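Please follow the strands and helices of this fold in turn, with the sequence and the coordinates side by side.

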Amino acid sequence: MSGTYLGMPAFPAAAATSTRDTRLRANLRRATHTIRDKRATAVAELDDWPLLRAAGAAVKDRTLRHLDHYLEQAEAAVTAAGGRVHWAADAEEANRIVTELVRATGEREVVKVKSMATQEIGLNDALERAGIRAYETDLAELIVQLGDDLPSHILVPAIHRDRAEIRDIFAGAMADWGRPAPEGLTDDPRALAEAARLHLREKFLRARVGISGANFLVAETGTLVVVESEGNGRMCLTLPETLISVVGIEKVVPTWQDLEVYLQLLPRSSTAERMNPYTSTWTGTTDRDGPRSFHLVLLDNGRTDTLADTVGRQALRCIRCSACLNVCPVYERAGGHAYGSAYPGPIGAVLTPQLRGVQSDLDASLPYASTLCGACYDVCPVAIDIPEILVHLRERVVEGGPVTIRGTRTTIRPAKGHALERAALRTAGWTLDHPGVLRAAQRLGSRTRRFHPRRLPGPGRAWSDTRDLPTLPAESFRDWWRRTRESDHQEGKAP
Ligand code: SF4
């Protein structure tokens, strides 16, 4: 697999391939069921979870309503603490800024903390084109990188790999990237972790530039926060002389008191832990402690456009816990690569089409990558109503309509291939608006019900192959009402 999602097919085509991969399905099933069960136990320990969840949603909503204010406050605080803030409108600009910052140091290597934002903008490829090698240091990201693969899960990017595959990847590829895997490496988890530790240690000690994302940005002090389980993040954030953090503008929270809510919601929802093993915070630069130069790249890349949509903006509350992926029946079977984006699963199905638009076949297919069962909403720690956004985006795909692109209100055309669906919905809408026509259609349907096919012809065949078409009743509800209740009225029996 190449290191980019560009050119990937629409979700149904990609999922048709991945669902036939029995090893992938077994790996995903085992991993997602384990995490989801642990999460349920960790969440059940807190009596006030519903209140915490409501607080998490409310703080994010308030922050998003005043995002300009909090971002400016954060910029002033970061600058006052000795950091430098750069604003990036899109992926290209963010990649250019980071590349120039690394070049200015004279270095040709960087170490990276796992970061969804840098995955979203394809930073590693951009650095590679500029002759700079980026080393991923998170264990799962390392597996993905050494395997010339793509992440398939927000929290566990190599969730689709089992231990035997990881052993083969380490044994085959570590030598090309630095210290080779130990002789006779087995697939014992401790042996694999030790091999990764030895491989990464020389990179940590050599690196002079670190690149990170952040889970949160506290506006009142300009403090960035990364939570993690392995300690590799702490090494990247403290050892290099230059630290560059690429952070989506929606990551800002107003105060430390607000942060307290998310530091409870996030670990229980993601790793089923009461708190994260490592919580690193950094504010600008400090003499003789940590990086001597700090740059914060604030990334928009479609976020203000998303903010302009009153339904879809809920997706910007996301704290990337991945709980929705672990309960999603579609993700469990299709796997993360089928979503063609750094953001797979239910959150990817609503976030990616908003960040990238719905013009491509892939992006237009994502709002349909769901059964609308609602499990994602039930587990989301910030109460994002993902099913509501999915339906909202499906309407956009089918009908087109007004959206904001790069801050300008514009009207987009319906996606290709939905003409039949659009015609059917318009016909249904018109019929429901005309009671006489609706009544006639119901009667016709009832009287001809014996002749209705059990399977739909043409493009409807795939749909009806796996579903039973409903049998129409002999009499419509309207006719039944008229026949039974109207005569009651006339005889004075009914109120
Ligand atoms: S949408 Fe909710 S459940 Fe899914 S990753 Fe984001 S915060 Fe977690």
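In this predicted model, helix 3 (residues 49-65) packs against helix 12 (residues 256-270) at an angle of about 120°, and their axes lie 10 Å apart. The two helices are therefore oblique to each other, given that angles over 145 degrees would count as roughly antiparallel and 65 to 115 as roughly perpendicular. The crossing of helix 3 past helix 12 is left-handed. From helix 3, the contact draws on Trp49, Leu52, Arg53, Ala55, Gly56, Val59, Lys60 and Arg62. Helix 12 contributes Asp258, Val261, Tyr262, Gln264, Leu265, Arg268 and Ser269. Sorted by class, the residues of this contact are seven nonpolar, three polar and five charged.

Helix 12 also lies across strand 5 (216-218), strand 6, strand 8 and strand 9, and its direction is at about 160° to strand 5. These strands belong to an open sheet of four with mixed pairing, in the order 8-5-6-9. Strand 8 (252-253) and strand 9 (278-282) each have a single partner strand, so they stand at the edges with one side lacking a neighbour in the sheet. Strand 9 pairs with strand 6 (residues 223-228) in the antiparallel sense, over five bridges. Within that pair, valine 225 has threonine 281 of strand 9 as its bridge partner.

A second sheet can be traced in a similar way. Six strands form an open sheet in the order 1-10-7-4-2-3, and the pairing is parallel. At its edges stand strand 1 (84-88) and strand 3 (133-136); each has a single partner strand, so one side of each is left without a neighbour in the sheet. On average, neighbouring strands here are turned by 25° against each other, direction ignored. Strand 4 (residues 209-212) and strand 7 (residues 242-248) are joined by four bridges in the parallel sense. Serine 212 is matched there with serine 245 of strand 7 as bridge partner. Helix 5 (residues 91-105) lies across strand 1, strand 2 (109-112), strand 4, strand 7 and strand 10 (293-299), and runs at about 145° to strand 1.

Further along the chain, helix 16 (residues 345-356) meets helix 19 (residues 386-399). Their axes come within 10 Å and cross at roughly 40°, so helix 16 and helix 19 are oblique to each other. This crossing is left-handed. On the side of helix 16 the contact residues are Pro346, Ile347, Ala349, Val350, Pro353 and Gln354, and they meet Ile386, Ile389, Leu390 and Leu393 of helix 19. Nine of the residues in this contact are nonpolar and one is polar, with no charged residue.

Strand 11 (residues 401-405) and strand 12 (residues 408-412) run antiparallel and are joined by five bridges. Glycine 401 stands opposite isoleucine 412 of strand 12. Two residues lie between the strands of this hairpin, in which arginine 406 has a positive phi near 50°.

The ligand remains. Which residues are closest to the ligand? They are Cys318, Cys321, Ser322, Cys324 and Cys380, from a surrounding set of 13 residues. By class, this shell comprises eleven nonpolar, one polar and one charged residues.

Terms used: Residues numbered from 1 in each chain as written. Predicted model: local features only at pLDDT ≥ 70, side-chain atom pairs only at ≥ 80, totals over all residues. Heavy atoms only, no water. Axes fitted to C-alpha atoms, helices over the stretch in contact; angles between N-to-C directions. Parallel < 35°, antiparallel > 145°, perpendicular 65-115°, else oblique. Left-handed = near helix turned anticlockwise from the far one by under 90°. Contact = heavy atoms within 4.5 Å. Nonpolar A, V, L, I, M, F, W, Y, C, P; charged D, E, K, R; others polar. Near = heavy atom within 4 Å. Pairing = 2+ DSSP bridges.
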